[in-house]
Amino acid sequence: MGKITGWAAITLCLIGMGTAQAAMSKPAAEKDSGCITCHQGIESIRDEASPMMAMIKAIGSTHGDAEGCVVCHGGNPQASDAKSAHQGSPDSLKQAKGAQTFYPDPGAMDINKFTCAMSGCHQGYPDRLEKALMNTEAGKIQGNLHTFAIPEVQNYQVPWGNYDVKDGDGPVPSVGTPEYKAYMKDMIEAHQDQFPSELKQIPNPTVAEIEKDPKLAGITYQRQQCQRCHVTVKGREKRGDYRGQGCSSCHIPYGNEGIYQGGDKTIDKKEKGHLLVHQIQATRKSKVHAGDVTYSGIPVETCNSCHNRGKRIGVTYQGLMEFPYGSPVNEDGNKQPKLHTKKYLFISDDLHHQIKSRPENPKGGLLCQDCHTTIDMHGDGNIFGTTLAQVEIECEDCHGTPKQYPWELPMGYGEEFGKTLDAKGRGLSDAPLTETLQFATLYPKKDGYLKTTRGNPFGNVVKDGRKVIMHSATGNDFQVPLLKQLSEDHAWKSPNAKVAMEKVTKHSESLECYACHASWVPQCYGCHVKADYSKDKNGKQKHDTDWVASGTARNADGSTAESPLGVKGIQSPGKISETRSYLRWEEPVLGINGEGRVTPLMPGCQVVYTVIDSKGETIALNVIGTSEDERKELGQERAPLSIDMAPVQPHSAQRKARTCESCHNNPKAMGYGISGGVFQTRYPEDIVEDLIDQKTGQVIPSTFKVQIPKIKALDFDWSTIIKDGQQVQTVGTHWPLSRALPESMRKAMDRTGLCMGCHREMSNAELWDKVSTPGSVTDNQHIEVMNKLLKAYAEQMSKK
């Protein structure tokens, strides 16, 4: 008999003591004592028959609570009134948990180590999560404040997070295979700036300090606007943004409307801000029952309570891009309701999300967790300075390349960082990670589990003969297309695919898969930020919620200053407002990412800021910082502006990839700006629209207003990253290899104007009459003509 771990070992032990079966004797709704005296009808946190529920009830029974509520929530189930019940714990439980209180959200940070990670449960997860990006947001802080040209975050430095945190056990991860741990130890040694060993809490400058140095207003912007999504706080009480804290941020379902639809009579069914049902959502085996719907896995919209801003990868995965209009109107004649405080346009969802459109898979697509691993989400015990530092997966991990199956690829493929890889194939794994064995759904290994590029097994992706099967947490199973198999079987869908994927080898060697397959990217150009420290109409200092300060003010029960419903949290001076220049979605700009591969870019933090001081005076107007460090690194005369065109995996992959022309015949794609940067060239000057003397350019009326104020530093369109051969704005703030496409690459790929190779001869009537036919020809006819020319030329050359 194999080794028994996790829930199985604990449950067998409890059953042996005769407590588990007794605890499972009645469903929660039938109990009439303890917590259920008031909370009649509440859902059991897990299925009644699950080992986890058996363990919870068994432990609860030993503390006078047959339903086990006290195991996670603390409190006193023997109390005679609600106030007393929610104040303390039975003496034996106080000692076990090391705390004396009631926990409204047992998953909250600082509390989850006593609840989720109690002995035999999810130990190690709270420590990992505390250091992971979902809590520190270190990369977001560094990238945004780089745009404000704040010195401490220049040159790839990552000094700040939401809270003080230190990695006390060194660079070797606390979880993962030996191969993964060795890989990460080497990676951290090579990229120490991207893996800081310590973070200090982001500072909080005074208004006086900001008035002396207006760029410090970027920190107000950061703390009030950008930091509401980290898991210590509960976040904004807006449609689509309702969620729990800590572990509950992801593992407890909240609907977009924030309405409870369970059976607990103490929860107001009309009040917004409540969980959907009192159940845990996790892997395939964890079933959630919400009304008439039973589901498993963590829905995409749970992730989007946070991933709707910044790089917007969550809403993009669903095919949504924000836009200002809110059309079309609904049956009430109103515009669409705001979601995440925005209105949306549907473009096209990611192909992994739209699998439901395939006849063979009518039930739906993949969840975020189907690709992203426990380390991607919870971290590995190290501190990460960027997303790329923490995320361990690449497209090729499942799909391979036209020349190699996934298990034939070396570790590190897809994130080479400019180095040559060992040619040895990574192989398959015989077992999933220990964390998968203990807590997740275990799938048969068949021929073996596929591995991430860093050497960890995917517990849900297996090789089965000539097939690779992905087991989705939804309960669906999908066959993964393998590029080498398509090549060997001559099964490409079109000649274009065969050429692009198989014959042009530089594509797979130098490009991210999504450089072509992500044919749209949300592009929010120009982020105009105003920080106003003046007084309001009542003479009081303008202010707003400081999410970092609110998360720092933690109570013994796990709540933070802003987490109770209706509470705005700790306020800090200043009021932020922001708007944009314009939106686009089509044909994203290309550049080089931190791994050294060609990738789509999107406007990251293209901040131009204005600051109003405490007296109501403008002390900074439409300012853009510059990056002297980047000028030196690039070896050019011009210092790029600090506004950022960020490398991104946009999560908008389509089956039909970008056309050849959309890159090779497109100035925007190469970095020269929309239509080569010929538009929007008057940013450096005030634009007046009134009666104008066209001869002199003088404004005729003596009373007039500037229609479009100038942005003095911006002498190019926001979409331009290359002007006069120099990089004019930042491309990525986190990794040294990220930059615009180099000149040699741009010259090699630029095929603009090739039509004139033939059509310039239209002026030669005698020649043109010999090769042309009356009327127009189709694209395919054009292609066939050029193919004939190529073959004729080849035949001619062979005769020489």
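Buried residues of helix α3 in this predicted model are M52, M53, A54, M55, I56, K57, A58 and G60, where buried means under 20% relative accessible area, against over 50% for exposed and partly exposed in between, with a 1.4 Å probe and protein chains only. The helix covers residues 51–61, and since eight of its 11 residues are buried, α3 is largely enclosed by the rest of the structure. Helices here are DSSP runs of H or I with at least four residues, strands are runs of E with at least two, and both are numbered from the N terminus.

A word on the ground rules: residues are numbered from 1 along each chain as its sequence is written. The model being predicted, local features need pLDDT of at least 70 and side-chain atom pairs count only at pLDDT 80 or more, while totals for chains, interfaces and linings use all residues; side-chain values use heavy atoms, with hydrogens and water left out.

Strand β10 (residues 467–471) tells a similar story: four of its five residues are buried, so β10 is largely enclosed by the rest of the structure. Two strands pair if DSSP finds at least two bridges between them. Strand β9 (residues 457–464) runs antiparallel to β10, joined by four bridges, and V461 has M470 as its bridge partner. The two strands make a hairpin with two residues in between, and G465 in the turn has a positive phi of about 65 degrees. Next comes β11 (residues 477–479), which pairs with β10 over three bridges, again in the antiparallel sense. Here M470 turns up once more, this time with F478 in β11 as its bridge partner. This second hairpin has five residues between its strands, and G475 in the turn shows a positive phi of about 110 degrees.

Elsewhere, three strands form an open sheet in the order β1-β3-β2, with mixed pairing. The edge strands, each pairing on one side only, are β1 (160–161) and β2 (165–166). Strand β3 (residues 198–201) runs parallel to β1, with two bridges joining them, and G161 stands opposite Q201 in β3.

Now for the empty spaces. On a 1 Å grid over the protein atoms alone, a cavity is a set of points where a 1.4 Å probe fits but cannot get out, and a pocket is an open set with protein on both sides within 12 Å along at least five of seven lines; lining residues have an atom within 4 Å of a point. Grid points are joined across faces, edges and corners, and a volume is the space filled by probe spheres set on the points. There are three cavities of 30 Å³ or more, and the largest cavity has a volume of about 100 Å³. Its lining includes Q142, H146, Y156 and T733, and α26 (628–634) and α9 (138–147) each give two or more residues. The biggest contribution, three residues, is from α26.

T733 sits in the loop between β23 (729–730) and β24 (739–740), and counts as buried because its relative accessibility is 3%. Its side chain makes a polar contact of 2.9 Å with that of Q142; such a contact is a pair of N or O atoms within 3.5 Å, where within protein one must be able to donate a hydrogen and the other to accept it, and residues adjacent in sequence count only if both atoms are side-chain atoms.
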